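Student: I've just opened this one and I'm new to it. Could you walk me through how to read it?

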Amino acid sequence: MPHVLVLNASYEPLGVVPLRRALVLVLENKAVCLEESGAYLHSATVTVPAPSVVRLKRFVRVPYRGPVPLTRRALFARDGGRCMYCGGVATSVDHVIPRSRGGKHVWDNVVASCRRCNHVKADRHLIELGWRLRHKPAPPTGLAWRIIGTGHRDPRWLPYLQPYGADDAMSRIDGISA
C-alpha cells in the first residue's frame with residue numbers, strides 16, 4: 001500500500017502514514033491534500049484523488065525528538081545501500097571497531113557492507129587489513145532523515161523535505177547508489 005508524507009500546519013515533516021490513514025484525515029477535514037499521487041480511489045458515489053502529501057490544518061506540538069534511531073533500514077539509507085569498503089551492493093551491517101574488541105553499536109561505528117567484505121573483515125580492525133572506509137560514518141541529522149529512514153520515498157516529497165536536510169540525505173543516497 002502506498003504511503004503519504006504528513007506535514008504539520010507549519011509545513012514541518014511529521015512522518016509517513018499509509019494512504020488509507022491520510023485519506024481519512026482529508027475526508028474528516030483534518031488535513032489538506034497538497035500533492036496528489038495521480039491515482040484515484042473510488043467509492044459507490046465518490047471518486048477521490050489519492051494524496052501523496054498532506055498538511056494538517058491544526059498545529060500539532062511535537063515533543064522533543066532525540067537522535068535518529070539506529071535501524072537497519074536507516075543505516076542502509078544513510079550509506080545508500082552500498083558497501084562502505086568496496087562500493088558493492090550492501091547486504092549486511094558491520095561494526096568498524098568490532099563489538100568483540102569493545103566497539104559500540106552506534107552510528108559512528110556501524111556501516112553497511114557486502115557479504116564478502118563483512119566475512120573477510122570478521123572481527124579485525126581496518127588497520128590490520130589495510131582497508132579504508134569510503135566515507136566516515138556519522139549519525140544522520142535533520143528531520144528529513146526521520147522520513148527517509150522509514151524506507152518510503154516519493155520524489156513528490158522532496159520540495160517539502162529540502163528545508164530539513166533532504167538535499168544532503170538524498171545526495172548521499174543517490175550519489176552512492178549511482
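Tutor: Sure, let's begin with the overall layout. The chain is divided into domain 1 (1-62 + 144-173) and domain 2 (70-127). Keep in mind that this is a predicted model.

Student: How many Å separate the centres of domain 1 and domain 2?

Tutor: Taken over C-alpha atoms, the two centres are 32 Å apart.

Student: And which feature does UniProt place at residues 70-119?

Tutor: The unreviewed UniProt entry lists "domain: HNH nuclease" there. In the model, that stretch is 24% helix and 16% strand, with its end C-alpha atoms 22 Å apart.

Student: Let's zoom in on a helix. How do I read which way its residues point?

Tutor: Here's the general idea: an α-helix has 3.6 residues a turn, so residues three or four places apart point the same way. Now try it on helix α1, residues 19-27. Its buried residues are Leu 19, Ala 22, Leu 23 and Leu 25. They cover an arc of only 160 degrees around the axis, so they sit on the same side of α1.

Student: Which residues are exposed on the other side of α1?

Tutor: Arg 20 and Leu 27 are exposed there.

Student: What covers the buried residues of α1?

Tutor: The cover includes four strands: β1 (3-7), β2 (13-18), β3 (31-42) and β4 (47-56). Also look at what follows the helix: after α1 comes Asn 29, with a positive phi near 60 degrees.

Student: Next, charges. How do I read a salt bridge?

Tutor: Side chains of opposite charge can pair when their charged atoms come close. A search of the whole structure turns up five salt bridges. Let's go through some of them.

Student: Where should I start?

Tutor: Try Lys 30 and Glu 28, whose side chains meet at 3.6 Å, N to O. Lys 30 has 47% relative accessibility, so it counts as partly exposed. Glu 28, with a relative accessible area of 46%, is partly exposed as well.

Student: What about Asp 94 and Lys 121: buried or exposed?

Tutor: Both Asp 94 and Lys 121 are buried. Their side chains form a salt bridge at 3.5 Å, N to O. This pair links distant parts of the chain, since Asp 94 is in strand β5 and Lys 121 is in helix α3 (residues 115-121), 27 residues apart.

Student: Which residue does Asp 154 meet in a salt bridge?

Tutor: The partner is Arg 156, at 3.1 Å, N to O. Asp 154 counts as buried because its relative accessibility is 16%, and the cut-off for buried is under 20%. Arg 156, at 31%, counts as partly exposed.

Student: Last topic: rings. How many aromatic pairs does a search of the whole structure find?

Tutor: It finds one aromatic pair. To read such a pair, you look at the distance between ring centres and the angle between ring planes. Here the rings belong to Tyr 85 and Trp 131, with centres 5.3 Å apart and planes at 50 degrees, so the pair is tilted.

Student: Where do Tyr 85 and Trp 131 lie along the chain?

Tutor: Tyr 85 is in the loop between α2 (72-78) and β5 (92-95). Trp 131 is in the loop between α4 (126-129) and α5 (144-148). The two are 46 residues apart, and the pair links distant parts of the chain.

Student: How do they compare in relative accessibility?

Tutor: Tyr 85 is buried, with a relative accessible area of 10%, whereas Trp 131, at 25%, counts as partly exposed.

Note on methods: Residues are numbered from 1 along each chain as its sequence is written. This is a predicted model: local features need pLDDT of at least 70, side-chain atom pairs count only at pLDDT 80 or more; totals for chains, interfaces and linings use all residues. Side-chain values use heavy atoms; hydrogens and water are left out. Rings of Phe, Tyr and Trp (its six-membered ring) pair if their centres lie within 6.5 Å; planes under 30 degrees apart count as stacked, over 60 as edge-to-face and the rest as tilted. Buried means under 20% relative accessible area, exposed over 50%, partly exposed in between (1.4 Å probe, protein chains only). The arc is that of the directions from the helix axis to the C-beta atoms. Contact means heavy atoms within 4.5 Å. A salt bridge is a side-chain nitrogen of Lys or Arg within 4 Å of a carboxyl oxygen of Asp or Glu. Domain bounds come from an automatic or database domain assignment. UniProt positions are given in the numbering used here, feature names are shortened, and annotations may be inferred rather than shown by experiment.
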